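Here's a quick briefing to read alongside the model. Have the structure open and click along as you go.

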Amino acid sequence: MKNKWDQDLARLRQILQKVTEADIPQYPDSGNSIVINPTLELLVLSWKHLTALQQTPDTEIHPEPGEELVILFKQPETGKVYYYPATGPGLLALKVFTEELDRQKVAEEAQVVVGKVDAAIEEACKQGVLLAPVSSLQRPETHFPKAGSEGWQRHLQSNHFTLQWHVTQACDLHCKHCYDRSEISPLTLEQGITILDQFRDFVLKKNVRGQVTFTGGNPLLYKHFKELYREAAKRNFTIAILGNPTTKDVIQSLQDIQPLSFYQVSLEGMAEQNDSIRGIGHFERIMKFLTILDELNIYSMVMLTLTRENMGQVLELGEFLRGKVDLFTFNRLSQTGEGAALATAEKDAYKAFLQEYVKAVQSNPTMGLKDNLINIIKSDQGAQVFGGCTGFGCGAAFNFCSILPNGDMHACRKFQSPIGNVLQSSLLELYDSPIAEQYRMGPTECRGCKIRPVCGGCQAVIQSSGLDIRLNKDPYCFLED
C-alpha cells in the first residue's frame, strides 16, 4: 500500500543520489570570496520528517503534512553527503549569497543585529553549505624554510586574530612593573564603535575569527565599557577581559550580554611577594575573585610577570593555584616604563628554571606553556612542540595587535612597536603596511632557525635589552646550533 508521502520521498532520494554522485567540492583560494557549495541542492517537500525516515527507516518519527525545505550537499573535506531540514539561520546565510545581498541590509530586514548574520554565515561555512577561502593570515614559507621539513606548516597560518584593546589608562592599582602610566585621553563611544566596525571588516576580509580582549589600565573603569562590550557582542566577536578583580554583579551583567571567553588577572608570586608589587590585600582579592569566576563558570587565567625577584616562587604559586584557576602562565619582564627599575631573570639560571617548569607542567594541569623559548627544550627532548606565545610563536602583528586608548596601534603592548593610528588609517591598511610586516617577520637572526614557526623569542625582551628587534634574536635564547 502506498503512503501519501511516497512521491516526496522518491524526489528526496533522487536528489540525494545526484548529490552523492557529484564531485567533491573544492574550497576557493585564499583571498577569494565565500561561495555556495556547488553540490548544494534545495528541495521543497510537502511532508515533514522525510529526512529522518530516509536516514532511519525504522524511526518512530512519522511524516506529517506541511511544507519543509531540505538542504542536501557534499562536505568538501570528507566527501560525506549531508541532508537535513533548513533552519532560519541557515536560510539567512544562503539568502546573502544566492541573492548577492549586503549583510547589514539582510540583518535590518530580519530585525537582528549584523553579528547574527555573520554567525549564521560562519556556521554555514563550518557545515560546508558555504565554502570559505582559507585565512589570509599566512607567514611566507620562504622565511621559515624548516617548517616543511619539521611538519610545522600549521603554525604558518592563523584562523584567529586577537585585538588587545587598552580602552583606558585608568587603573585602581599602581604596580611596580607597569609599562605605561602616561595620561592618554580615552576614545569616545562613537570612536570605539568605529574601531569595532573596522575590526569586523578586517576579520571578514582576512577570513578569520575575531576576538576582542578588553584591557587597560583597568578596562572596567572606562565609562562606556558596558556599551562597548555590547557593541562587540553585536558584531559576533569572541570577548575576553584582562583586568582586575570586581564584583559578581558586574561580571554577571556582562555575562548576560555575552559569555566571556576568559577573564585574566595577575599575580606576581605568593601573597607577600605579590602584594609588594601590586598593593596590600591584592592577593586575597584575587583569590576571592577566582571563586566568583568559578561560580559563574567563566574560564579563569592567572598571568605572572617573571622577574629575578619572583622566579623562585613560580612553581610554588603554580602548585598553590592547582584547582583554583583554569590556567596559570607567565611572561618575562619587559624593562619598559616603571618596569625598567626591576631586575630581569638571570640568563644563566633561566634555562634551568624552564626545565623545572616544563617538568612541573606535566603533573599540574593548571600550569600552562607560553614562553616561546620552552620550545627549545621541547625540541631538544624530541617532544612535540607547542604553539608558543600566541599559538604561532611571537604573534606580534601576525595574529595579534594592540590598540591604545587614543587609537594608536602597536604590534604588541609590551614594547614600543607603533604601526599607526586606526582613526587615521583603517586597521586593515595598518595590518597590511610594511612596518607591520617588519614586526611580524621578527629578527633576521631567527629566520633560519628550525623552531622559528613556534618561537621567534620575545621582541619586548629584545628591545628592553637594548638590542635591535629587526636584527637580534632573544638574548635569553639558549638554542645550540
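What follows is a short tour of side-chain contacts, one helix crossing and some backbone details.

Keep in mind that this is a predicted model. Aromatic pairs come to a count of 22, and a couple of them get a closer look below. After that come charges over rings, a buried arginine and a few backbone spots.

**Aromatic pairs**

- Phenylalanine 202 and tyrosine 431 pair up edge-to-face, with 5.2 Å centre to centre and 70 degrees between the planes.
- Phenylalanine 202 sits in helix α7 (residues 189-206) and tyrosine 431 in helix α15 (residues 427-431), so this pair ties together parts that are 229 residues apart in sequence.
- Are these two rings buried or exposed? Phenylalanine 202 counts as buried at 0% relative accessibility, and tyrosine 431 counts as buried too, at 4%.
- Phenylalanine 330 and phenylalanine 353 make another pair: their ring centres are 5.5 Å apart and their planes are at 65 degrees, so this one is edge-to-face.
- That pair also links distant parts of the chain, with phenylalanine 330 in strand β11 (residues 327-332) and phenylalanine 353 in helix α13 (residues 347-361), 23 residues apart.
- Phenylalanine 330 has 2% relative accessibility and counts as buried; phenylalanine 353, at 5%, counts as buried as well.
- Ring pairs also build a cluster out of Phe161, Phe199, Phe202, Phe237 and Tyr431.

**Charges over rings**

- Look again at tyrosine 431: the charged end of arginine 440 sits over its ring, 4.1 Å from the ring centre.
- Which ring has the charged end of lysine 347 over it? It's the ring of tyrosine 476, with 5.9 Å from the charged end to the ring centre.

**A buried arginine**

- Arginine 278 lies in helix α10 (residues 271-278).
- With a relative accessibility of 11%, arginine 278 falls under the 20% cut-off, so it counts as buried.
- What does its side chain touch? There's a polar contact of 2.8 Å with the side chain of glutamate 268, and one of 3.4 Å with the side chain of serine 266.

**A helix crossing**

- Helix α3 (residues 88-98) and helix α4 (residues 103-110) have axes that come within 10 Å and cross at roughly 135 degrees.
- That angle makes α3 and α4 oblique to each other.
- The crossing of α3 past α4 is right-handed.

**Loops and backbone**

- Just past α4, in the loop between α4 and α5 (114-127), you'll find glutamine 111. Glutamine 111 isn't a glycine, yet it has a positive phi of about 60 degrees, and at 74% relative accessible area it is exposed.
- Asparagine 297 likewise has a positive phi of about 60 degrees without being a glycine. Its place is the loop between α11 (282-295) and β10 (300-306), and its 70% relative accessibility counts as exposed.
- Where's a cis peptide bond? One joins glycine 216 and glycine 217, with omega at about 20 degrees. Glycine 217 is in the loop between β7 (209-215) and α8 (225-234).
- Valine 454 is in a loop as well, between α16 (434-441) and α17 (459-464), but counts as buried at 0% relative accessibility.
- From the C-alpha atom of valine 454 to that of lysine 359 the separation is 20 Å, and the two residues are 95 residues apart along the chain.

Conventions:
Residues are numbered from 1 along each chain as its sequence is written. This is a predicted model: local features need pLDDT of at least 70, side-chain atom pairs count only at pLDDT 80 or more; totals for chains, interfaces and linings use all residues. Side-chain values use heavy atoms; hydrogens and water are left out. Rings of Phe, Tyr and Trp (its six-membered ring) pair if their centres lie within 6.5 Å; planes under 30 degrees apart count as stacked, over 60 as edge-to-face and the rest as tilted. Helices (H or I, at least four residues) and strands (E, at least two) are DSSP runs, numbered from the N terminus. Buried means under 20% relative accessible area, exposed over 50%, partly exposed in between (1.4 Å probe, protein chains only). A charge sits over a ring if NZ of Lys or CZ of Arg is within 6 Å of the ring centre and within 35 degrees of the ring normal. A polar contact is a pair of N or O atoms within 3.5 Å; within protein, one must be able to donate a hydrogen and the other to accept it, and residues adjacent in sequence count only if both atoms are side-chain atoms. Axes are lines fitted to C-alpha atoms, for helices over the stretch in contact, and angles run from 0 to 180 degrees between N-to-C directions. Angles under 35 degrees count as roughly parallel, over 145 as roughly antiparallel, 65 to 115 as roughly perpendicular and the rest as oblique. A crossing is left-handed if the near helix is turned anticlockwise from the far one by less than a right angle, and right-handed if clockwise.
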